[in-house]
Amino acid sequence: MRCPHCHYKNTKVLDSRPIEEGRTIRRRRECEECQFRFTTFERIEEVPLIVVKKEGTREEYSRDKLLRGLIRACEKRPVALEQLENIALEIEKELRNRGTSEVKSDEIGEMVMDRLVSVDEVAYVRFASVYRQFKDVSVFLDELKDLIRTDKK
């Protein structure tokens with residue numbers, strides 16, 4: 001591994017630890033030439049997972065994009081980042097375990113909403129309003145009524 005600071009070709013590993021349920025190895029490295037320390041991540045190269053959007057376009061699945069959407073929905077809410085990272089990881093794991101190379105974006109949206117409703121109802125409504133593209137207030141109110149009905153059960 002080349003040093004990102006001086007580009008010397010030899011670095012030594014100071015520390016290795018598994019993360020993301022053992023699917024990734026985080027390594028702390030040090031350049032043998034300039035002693036610059038940096039972190040690398042090693043993960044299994046997986047078959048790309050393609051997301052089919054509503055309009056029919058396709059793009060590669062991005063856990064980071066999903067996490068950004070979760071963070072946006074939970075902005076100024078008492079939800080830990082670790083909890084959102086776990087949701088994103090669970091969803092990706094479930095999608096990859098299906099064994100298919102393509103998934104529809106609306107399936108991912110439903111998976112997110114299924115998890116968000118039990119984490120934070122306000123975040124759930126925020127996400128649903130963007131995901132379901134509420135056309136007017138009455139559709140929004142219907143969603144809130146459904147949420148209240150399921151809470152009472």
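How exposed is glutamine 35, judged by its relative accessible area? I shall begin with that residue and then turn to the chain as a whole. Please bear in mind that the model before you is predicted.

Glutamine 35 is partly exposed, because its relative accessible area is 46% and the partly exposed class lies between 20% and 50%. The residue sits in the loop that joins strand S2, residues 24-31, to strand S3, residues 37-43. Its phi is positive, about 65°, although glutamine 35 is not a glycine.

A second residue invites the same kind of description. Lysine 76, also not a glycine, has a positive phi near 60°. Its place is the loop between helices H1 and H2. Lysine 76 is exposed, since its relative accessible area is 81% and the exposed class begins over 50%.

That loop leads us to helix H2, which covers residues 81-97. Does its length agree or disagree with the expected span? With 17 residues at 1.5 Å a residue, H2 should span 24 Å, and its end C-alpha atoms are indeed 24 Å apart, so the two values agree.

Several residues of H2 are buried: Leu84, Ile87, Ala88, Leu89, Ile91, Glu92 and Leu95. What do these buried residues pack against? Their partners are helix H1, residues 63-73, strand S6, residues 102-104, and helix H3, residues 105-119. After H2 comes glycine 99, which has a positive phi near 80°.

Let me now place these elements in the wider chain. The protein chain holds 5 helices and 6 strands. Their order along the sequence is β-β-β-β-β-α-α-β-α-α-α.

As to overall dimensions, the C-alpha atoms fill a box of roughly 65 × 35 × 25 Å along the principal axes. The radius of gyration of the protein chain is 20 Å, whereas a compact globule of 153 residues would have one near 15 Å.

Of the 153 residues, 30% are buried. Among contacts with a sequence separation of 6 or more, 41% join residues that are 24 or more positions apart.

I close with the surface and the charges. The accessible surface of the protein chain amounts to about 10,400 Å², and carbon and sulfur atoms contribute 49% of that area. The chain carries 32 positive and 31 negative side chains. The centres of these two sets lie 2 Å apart.

Definitions and conventions:
Residues are numbered from 1 along each chain as its sequence is written. This is a predicted model: local features need pLDDT of at least 70, side-chain atom pairs count only at pLDDT 80 or more; totals for chains, interfaces and linings use all residues. Side-chain values use heavy atoms; hydrogens and water are left out. Helices (H or I, at least four residues) and strands (E, at least two) are DSSP runs, numbered from the N terminus. The radius of gyration is taken over C-alpha atoms; the globule rule is 2.2 Å times the number of residues to the power 0.38. Buried means under 20% relative accessible area, exposed over 50%, partly exposed in between (1.4 Å probe, protein chains only). Contact means heavy atoms within 4.5 Å. Accessible areas come from the Shrake-Rupley method with a 1.4 Å probe; for residues, only the protein chains shown count as cover. Lys and Arg count as positive and Asp and Glu as negative; His and the chain ends are not counted. The place of a charge is taken as NZ of Lys, CZ of Arg, CG of Asp or CD of Glu. The expected span of a helix is 1.5 Å times one less than its number of residues.
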